[in-house]
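Me: Please take a close look at one part of this structure for me, starting with the paired charges. I should then like to follow the description inward, step by step.

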Amino acid sequence: MSTDTPDASADDAPSRAELAARVDELEDALADATSEDDAKKMSIIATKGTLDMAYPPLILASTAAAFGYEVTVFHTFWGLEILHEERSKNLKLSSVGNPNMPVPNAVAALPGMDRVTTKMMEKKIEDNDTASIEELIETSLDMGVEFQACQMTIDLMDYDEDDFYDGVTTGVGAATALEDMADADIQLLV
């Protein structure tokens, strides 16, 4: 083996200070790449307060939060029923106007049919060990989902803000909801 092979000189090696500066630069780049400013955001508008329409925004919100999304759910009009601690435990299922309901509209319109179809759905939920509305709300809140109650609807429908689940943000208007939607990666109207 020849000793004439050129070796990298010690002069070409970076100094400790240069290496430390490069490490700092890479750590800053990593922090910027993983900062919360880059977190994905989801904005959901919940407008319905029936049993079958309470599940979609809650399941989507909790699932997105589990995947690291920053999630906001703006509840307006009948969607506020979902956030009402007592009323959310007694949401009904309308049997009229749902083409997938196993009851013809002519029968569904009979008095008491909403109670029957609601009981059918509640049994299906129980038999499948599906989380309750209350469980989904509490899980979502624990995961950082922000549930917002539309202030105009609170005033219009004469809701008492103290009746909402603890952790629900009240006093939110349409402008705030629009701002949130504009910043979100995913916007859904349910």
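Reply: In this predicted model, Glu122 is partly exposed, with a relative accessible area of 28%. Its partner Lys119 is exposed, at 57%; Lys119 is placed in that class because its value is over 50%. The side chains of Glu122 and Lys119 meet in a salt bridge, with N and O 3.5 Å apart. Both residues belong to helix 5, which covers residues 113–127, and three places in sequence separate them, about one turn of the helix. In general terms, side chains of opposite charge can pair when their charged atoms come close.

The structure as a whole contains five salt bridges. Another of them joins Glu25 to Arg22, where the closest N and O atoms are 2.6 Å apart. These two residues lie in helix 1 (residues 16–33), and because they are three residues apart, about one helical turn separates them. Glu25 is partly exposed, with a relative accessibility of 48%, and Arg22 is also partly exposed, at 42%.

A further salt bridge leads inward. The side chains of Arg87 and Glu81 meet at 3.1 Å, N to O. Arg87 is partly exposed, with a relative accessible area of 39%, whereas Glu81 counts as buried, at 15%. The reason for this last label is that 15% falls under the limit of 20%.

Glu81 also leads to Ser88, since Glu81 is among the residues in contact with Ser88. Ser88 lies in the loop between helix 3 and helix 4 (105–108). Although Ser88 is in a loop, the residue is buried, with a relative accessible area of 4%. Where do the polar atoms of its side chain find partners? The side chain of Ser88 makes a polar contact of 2.7 Å with the side chain of Tyr165. In addition, a polar atom of the Ser88 side chain lies 3.3 Å from the backbone oxygen of Glu85. Beyond its neighbours within four places in sequence, Ser88 is in contact with Glu81, Ile82, Ile133 and Tyr165.

Ile133 carries the description to the largest nonpolar core. This core has 29 residues, and Val71, Val73, Ile133, Phe147 and Phe164 touch the most other members. Two or more residues each come from strand 1 (41–46), helix 2 (51–66), strand 2 (70–75), helix 3 (80–83), helix 6 (133–142) and strand 3 (146–150). Helix 2 makes the greatest contribution, namely seven residues.

The strands can now be placed in order. Strand 1, helix 2 and strand 2 form a right-handed β-α-β unit. Strand 1 and strand 2 run parallel and are joined by six bridges, with Ile45 standing opposite Phe74 in strand 2. On strand 3, the pairing with strand 2 is likewise parallel and consists of four bridges; here Val73 stands opposite Phe147. Strand 2 therefore pairs with both strand 1 and strand 3, as at least two bridges are found in each case. Strand 2 is mostly covered, with five of its six residues buried.

Val71 illustrates these surroundings. Setting aside residues up to four places away in sequence, Val71 touches Met42, Ile44, Ala61, Ala64, Ala65, Gly144, Val145 and Glu146.

Definitions and conventions. Residues numbered from 1 in each chain as written. Predicted model: local features only at pLDDT ≥ 70, side-chain atom pairs only at ≥ 80, totals over all residues. Heavy atoms only, no water. Core = buried A, V, L, I, M, F, W, Y, C linked by side-chain atoms within 4.5 Å. Buried < 20%, exposed > 50% of the residue type's maximum accessible area, 1.4 Å probe, protein only. Contact = heavy atoms within 4.5 Å. Polar contact = N/O pair within 3.5 Å; in protein donor to acceptor, adjacent residues only side chain to side chain. Right-handed = clockwise from strand over helix to strand, strands pointing away. Salt bridge = Lys/Arg side-chain N within 4 Å of Asp/Glu carboxyl O.
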